[in-house]
Amino acid sequence: MTLIIFIIFLACVLSLILFKVKSGSMAKWAKLFRIVTVVFSISVFTYWFIKKSAVAFVDNSVGLQVVNKLPQALDFYLIKVNKTEQNTNLEPKHIGKIRPEYYRIEYLKMDKSDEYWIVGYLGKKNLVYFSQHSVPNKNIDQIVEVQNYINQSMKLSEAAKKQVDAYNYENTKLGIWITLDFLLLFLNLVLLLRKNK
């Protein structure tokens, strides 16, 4: 998705430059390029937001319910441990902030994995919960009740913290690019509508 967002950014910048081409043989091609850029960008972002907003049901997946029994709201991350013959790959995902006595449900594709970790943060940097879970039977859904502040493994929790930091950094970068794309898309749309009038 990052590559597509960067391509949209370049196309929107080029569209703003092509706005200056108002006469000659290039004018029609410039206008067509600007229209295609706006329509393509809106289509991509609409599809992306619908996909992100939809409930992530996954075929042949394990349902995971994370229940917060603690008196404070915690921000939870899930790290799936994917194992291959050569190496182990950690795949982080943000579950979200869960209030006391509430829960969240995730669906895990466990084809290459039989283990996951749950990481809980109080605030942005304060890791207060870490637990390691195995999935012996991939046909049975999992329930994890967070009842106390524990860290089952200092070594694994440090690895998890690095993964969560990298995941958040990538999401921040992506957010900045999306914001720039929206600004440029808005400018292009305004200029197109003003030109049509």
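**Glutamate 106 is a buried residue, with a relative accessible area of 10%.** Here, buried means under 20% relative accessible area, exposed means over 50%, and partly exposed lies in between (1.4 Å probe, protein chains only). The model is predicted: local features need pLDDT of at least 70, side-chain atom pairs count only at pLDDT 80 or more, and totals for chains, interfaces and linings use all residues. Residues are numbered from 1 along each chain as its sequence is written, and side-chain values use heavy atoms, with hydrogens and water left out.

**Lysine 93 and glutamate 106 are joined through their side chains by a salt bridge.** The N to O distance in this pair is 2.8 Å. Its two residues come from distant parts of the chain, 13 residues apart: lysine 93 belongs to strand S3 (residues 88–98) and glutamate 106 to strand S4 (residues 103–108). A salt bridge is defined as a side-chain nitrogen of Lys or Arg within 4 Å of a carboxyl oxygen of Asp or Glu. Strands (E, at least two residues) and helices (H or I, at least four) are DSSP runs, numbered from the N terminus. Whereas glutamate 106 is buried, lysine 93 is partly exposed, at 32% relative accessible area. In the whole structure, a search finds six salt bridges.

**Strand S5 pairs with strand S2 and with strand S6.** Strands count as paired if DSSP finds at least two bridges between them. S5 covers residues 113–122, and eight of its ten residues are buried, so that the strand is mostly covered. With S2 (residues 74–83), S5 runs antiparallel and shares eight bridges; aspartate 75 faces tyrosine 121 of S5 across this pairing. With S6 (residues 126–134), S5 again pairs in the antiparallel sense, over eight bridges. In that pairing, glutamate 115 stands opposite serine 134 of S6.

**Glycine 123 lies in the hairpin of S5 and S6.** Three residues stand between the two strands, and glycine 123 adopts a positive phi near 90°.

**Lysine 125 and aspartate 165 form a salt bridge between their side chains.** Their N to O distance is 3.9 Å. The pair links distant parts of the chain, 40 residues apart: lysine 125 is in the loop between S5 and S6, and aspartate 165 is in helix H3 (residues 154–196). Lysine 125 is exposed, with 59% relative accessibility, while aspartate 165 is partly exposed, with 32%.

**Lysine 173 and glutamate 170 form a salt bridge within helix H3.** The closest N and O atoms of this pair are 3.6 Å apart. About one helical turn separates the two residues, because they are three residues apart in the helix. Both are partly exposed: lysine 173 has a relative accessibility of 34%, and glutamate 170 has 42%. As a general principle, side chains of opposite charge can pair when their charged atoms come close.

**Lysine 173 and threonine 2 are 171 residues apart along the chain.** Their C-alpha atoms are nevertheless separated by 9.3 Å in the model. Lysine 173 itself belongs to helix H3.

**The protein chain is divided into domain 1 and domain 2.** Domain 1 consists of residues 1–54 + 174–193, and domain 2 of residues 61–152. These bounds come from an automatic or database domain assignment. The centres of the two domains, taken over C-alpha atoms, are 38 Å apart.
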